[in-house]
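Dear colleague,

Please find below the structure I am handing over to you, with the sequence alongside. My findings follow directly after it.

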Amino acid sequence: MQLMRLQVPYHRIHHIFISHLHGDHYLGLMGLLFTMHLLRREHELHLYAPRGLDEIITLQLKHSKSALRFPLIFHCSEPDKQTLLFEDDALTVESIPLIHKIPCCGFLFREKTKPYRIDKEKLPDGILLQHIVLLKSGKDVFDDRGNLLYKYEDFTLPPHPSFSYAYCSDTAYTEKISGQIHGVDLLYHEATFMEDEKDKADETKHSTARQAALQAKQSQVKKLLIGHFSARYKELLPVLEEAQSIFPETKLAIEGETIDLES
């Protein structure tokens, strides 16, 4: 329902990352899979999750006597290790080892360096497509005799910036992840409790808003999103203010809102 409300196209979802096997992080998955099935999806879907979710899905399919129309490919993550989970031409996804009551990992998304942008106003007439491809990759173009035809700097603009995003779901505060997420453009970090409930955070392996802000400050990230708030907090402004007192570039993670990383 939320994907429909936010107008996220189902057919553009090809990879799903699940941090751990507490119900609030995966119970909606079967509904999504069956919706894709009913919409006659055919393309494969990749699922990254701790061991056990594959059994849960298989059991539900078995007892409902169902078979998905599309291939579902399960990738078993190892929550206690920093592992490269996915890579293509555009980005990489690594697991971030976290501390929770059950095996749990976050995810670090890093865009790769983007191609140079062609300055169309400077392109000469008749330039070959393969030459444009070379210029976009930051390479000069030479003829068969080795003579310089086009210098990439003369016909290109700098690449668009590449961004990084670290998602740290349910976790106790830990300095061990600071090196891995150092300098990311955006950090999502859970902030289940406020500092006056730190004992409760320690007991349940969660973090306070202050601890999330300390993580952002220590890791020198550019922006911080906090979420996973306890239901006891009917008003979230005090939670936000606690984090902002340590790390001013903090915002609340409100479903449906967007974050501008370039501002």
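How many disulfides does the structure hold? In this predicted model, the structure holds zero disulfides. C76 takes part in no disulfide, and the nearest cysteine sulfur, belonging to C105, is 9.9 Å away. Since a disulfide requires two cysteine sulfur atoms within 2.5 Å, that distance does not qualify. C104 is likewise in no disulfide; for C104 the nearest cysteine sulfur is again that of C105, at 6.4 Å. As to solvent accessibility, C76 is partly exposed, with a relative accessible area of 33%, whereas C104 is buried at 1%.

A second residue environment concerns Q211, which is situated in helix α8, spanning residues 209–218. Q211 is buried, its relative accessible area being 7%. Neighbours within four places in sequence aside, Q211 makes contact with Y173, E195, K198, D202 and H206.

For the chain as a whole, the secondary structure comprises nine helices and 14 strands. The C-alpha atoms fill a box of roughly 70 × 55 × 35 Å along the principal axes. Of the 263 residues in the chain, 41% are buried. Among contacts with a separation of 6 or more, 64% are between residues 24 or more positions apart.

Regarding the surface and the charges, the chain exposes about 15500 Å², of which carbon and sulfur atoms supply 53%. There are 31 positive and 38 negative side chains, and the centres of these two sets lie 4 Å apart.

With kind regards

Key:
Residues are numbered from 1 along each chain as its sequence is written. This is a predicted model: local features need pLDDT of at least 70, side-chain atom pairs count only at pLDDT 80 or more; totals for chains, interfaces and linings use all residues. Side-chain values use heavy atoms; hydrogens and water are left out. Helices (H or I, at least four residues) and strands (E, at least two) are DSSP runs, numbered from the N terminus. Buried means under 20% relative accessible area, exposed over 50%, partly exposed in between (1.4 Å probe, protein chains only). Contact means heavy atoms within 4.5 Å. Accessible areas come from the Shrake-Rupley method with a 1.4 Å probe; for residues, only the protein chains shown count as cover. Lys and Arg count as positive and Asp and Glu as negative; His and the chain ends are not counted. The place of a charge is taken as NZ of Lys, CZ of Arg, CG of Asp or CD of Glu.
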